[in-house]
Amino acid sequence: MLYFITKRILQSILTVFGVVTVAFFLVRLSGDPSLLLLSADATQEDIAAIRDAMGLNRPIWVQYLEFIGNALQGDFGNSIRQNSPAMSLVLERVPATLELALTSFAVGIGLALILGTIMRITRKVWLREAIMWIALARQAFPVFSFGLLMILVFSVGLGWLPSLGRGSWQHLVLPALTLGSYELALYLRLFNASLATEQRQDYVRTAYAKGQGRLQVIFQHMLPNALLPIVTVAGINLGLLLGGAVVTETVFSWPGVGRLIVQSVSQRDFPVIIAGVFLLSLIFVVINLIVDLLYSVLDPRVRF
Amino acid sequence: MFMHRLRQGAAALAIATGLLVPAHQVFAAPETLTIALPGDFPSLVPSDDTSPLGFNYRLNVFDQLTVIGKDGKIGPRLATEWTASDDLLKWTFKLRTDALFHDGSPVTAHDVEFTARYILDNPKSPTRTFLRLVDSVKAIDDHTIEFTLNQPYSIFERQISFINVMPKDYHTKVGEEGYAKAPIGSGPYKVVNWVKDDRLELEAFDKYWGGAPEVKKAVFRPIPAEASRATALMSGEVDLVTTLPPALVDTLARNDGIEVKTVPGSRVMFLGFNSNAAPLDNPKIREAIDIAIDREAITQGLLRGLGRATGMMIPPNNVGYNPEFVATKQDMARAKQLVAESGYAGEPILFDYPSNNFVLANEIAQAIAGYLTEAGLKVELRPAEFTAFFPQWTQTAFPSLYMFAYGSTQYHADTILTSMYSTGGRVYRLNPEIDALVAEQKRERDPVKQAEIISRIFKIGAEDRDNVPLYDEFFAVGMKKDLGYEAWPDGFVRLYEFR
């Protein structure tokens, strides 16, 4: 176990390092922040002067080594656009992103468990079909259009909920529903398939043979076992929710990390991009590690 | 609806006849105004930011020495009067004595000197571009400031309007980081709260020298998605959206509580040629491209009126505009003939253009490529994201044909002539005659003579066809009914105009 954890942590560090290095060279090679910083009527001399001041005229590997050296000490440099440390700009947005990701995650898993269990319990075929159809229809909708649809219905039409920004719980409802319901169909299918597999297991037959009721068998015996594959997928999805909520953050003008990174890419604000990518890859890797460890909790047979 | 059409018709008529909206329009002022912008401000430190978006902030929170009016004329702001020496090297500004910073301290020439020096001493400040001609700056007394330039510049009074005066004592006391967190200026609005990517809240500064503004509270909300800006207006969460895509104009205009206005902008969309490289080094091919394009079809059909075909690289509201430059009419037969005569061998013409930041950029580039193909030219479309496109433009790196829109924030032809016609700008084929004329108009103090020189340069440019103007950009503004807001050509919101 200890060996496994140590190995995974070392792997994780290597992964994060690789991601940051790739990100560094990709953004450097794709554009020049000095030109985007200046007004359109800047002269060639203005450009040369600002490039010099920003240290962009030095060879890229020198810049890279310097960056790695500083990053190892926790210094990701100052934002080019905003005169403050890049990492603190990213960290400022983390609460907003966490809030949205965790709520969406809870919405997605919660809905999947409730609806999935209903589908298993009910004997009405039409209800089962209806739930699956709704979930599939939802997933067929791109996040952007679904978000707009939610805004048109709940903000413009009914006037119940705000369509932009962050603040009260009301602000959270539409983005969390939009983001959280996206993976619903996937969770449902997975959950159903895994319940169906459990159903054929010996221990289920034994439970029935002991005279236990259908609901008791489902809730007490099958459900905990059926959760395993969901945990795997959900863990990866949580990572995606943290970093991949860009579209949702854009539709609902949510001030999260994803939007900051996209904005920084369009301004070639290197330090902020890299700080953001570093943080997100770190979170992703850590979540994966936790998922692996959760496995052994949920299924004592899994040993490393 | 009828009234709306009528108003739009009247606006179109006013534009067509060359009339401009009155400089100081009177609006009914709401207590709080919420404005949707496409993004957040990069920084609240005025010397760190030259972005067009940032003008919405800087014009309201800071004072500048001078101000350019809606009609393009230069007027006083912090400076009440100013003079230039005969050689146009020494510029002396007299400051008003009743201006206060938001912390209550008076605005003096020392603050202006501090601001200019702070920018000049900071090689990372992008605003140095606006002071690049300044050799030295000196406060003569508390209310007189003198700039010495390193070359004559007749419209320095316009360039200085981009410098936002910062308070020396406060800035020195709180330091750079402190100032970035709590910036103060002497403008009509104070910063109250900034939640990045969510909102910037401003509050009227009651002791503003120009009188307390009527709109007491203003909120700028960054809303990156076009469609979300429209829905925010529909749901009533914002009062004003400064740019609407043409596709949503009709939908929004049908909405009862919303008014949509079409406003002439400050940029001209044009085609640029790398005239050094084949095949565009051939003047016949450049002419063929010019006359193959149906500008009316683009502005009316594609842009639905959000553009006006033009024959000049500056819009009508700029100093130096001359209505004698008319838009090229399409003549496809002649275009085909020119291509045939040119000895064009079918080598592909690479057509670079920015796929975002411009209304319907892709559609327009495709339409142009269609015309050129019809004329017998082979065109390869090369869309690029704006941030990838723009540096190529600044560095004159396009291999043959490109499309771009550019406008002068100084509302003056000089900006365009300096950055797109003379050596040192985005010029592919240098022309010493134009260089000399551009320098001459910079020195010319008489506006009539200056306008003559400007027209001469544009005339040479039109004959050379290194750039071919297509249309003046218009933009659509959406607002709550009865707000009565009249947008500026630059699209920046001056909150203090609501009276």
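1. In this predicted model, six cavities of 30 Å³ or more are present. The volume of the largest cavity is about 130 Å³. Its lining comprises 14 residues, and those closest to the centre of the cavity are Met420(B), Val427(B), Arg429(B), Asp466(B) and Asn467(B).

2. The character of that lining is mixed: six of the residues around the largest cavity are nonpolar, four are polar and four are charged.

3. Turning to the interface, chain B and chain A each place 43 residues in the contact. The size of an interface is often expressed as the accessible area lost when the parts come together. Here the area buried between chain B and chain A is about 3800 Å², with carbon and sulfur atoms giving 54% of it.

4. Three salt bridges are counted between chain B and chain A. One of the links of this kind joins the side chains of Asp197(B) and Arg93(A), with an N to O distance of 2.5 Å. In addition, six residue pairs across the interface are in polar contact, both residues of each pair being at pLDDT 80 or more.

5. On the side of chain B that touches chain A, the elements giving two or more residues are helix H5 (168-181), strand E10 (217-222), helix H6 (226-234), helix H12 (386-394) and helix H13 (413-420). H12(B) provides the largest share, namely six residues.

6. By class, this side of chain B consists of 16 nonpolar, 14 polar and 13 charged residues.

Terms used:
Residues are numbered from 1 along each chain as its sequence is written. Chains are lettered from A and ligands numbered from 1 in the order in which they are written. This is a predicted model: local features need pLDDT of at least 70, side-chain atom pairs count only at pLDDT 80 or more; totals for chains, interfaces and linings use all residues. Side-chain values use heavy atoms; hydrogens and water are left out. On a 1 Å grid over the protein atoms alone, a cavity is a set of points where a 1.4 Å probe fits but cannot get out, and a pocket is an open set with protein on both sides within 12 Å along at least five of seven lines; lining residues have an atom within 4 Å of a point. Grid points are joined across faces, edges and corners, and a volume is the space filled by probe spheres set on the points. Ala, Val, Leu, Ile, Met, Phe, Trp, Tyr, Cys and Pro count as nonpolar, Asp, Glu, Lys and Arg as charged, and the others, Gly among them, as polar. Contact means heavy atoms within 4.5 Å. Buried area is the accessible area (1.4 Å probe) that two parts lose on being put together, summed over both. A salt bridge is a side-chain nitrogen of Lys or Arg within 4 Å of a carboxyl oxygen of Asp or Glu. A polar contact is a pair of N or O atoms within 3.5 Å; within protein, one must be able to donate a hydrogen and the other to accept it, and residues adjacent in sequence count only if both atoms are side-chain atoms. Helices (H or I, at least four residues) and strands (E, at least two) are DSSP runs, numbered from the N terminus.
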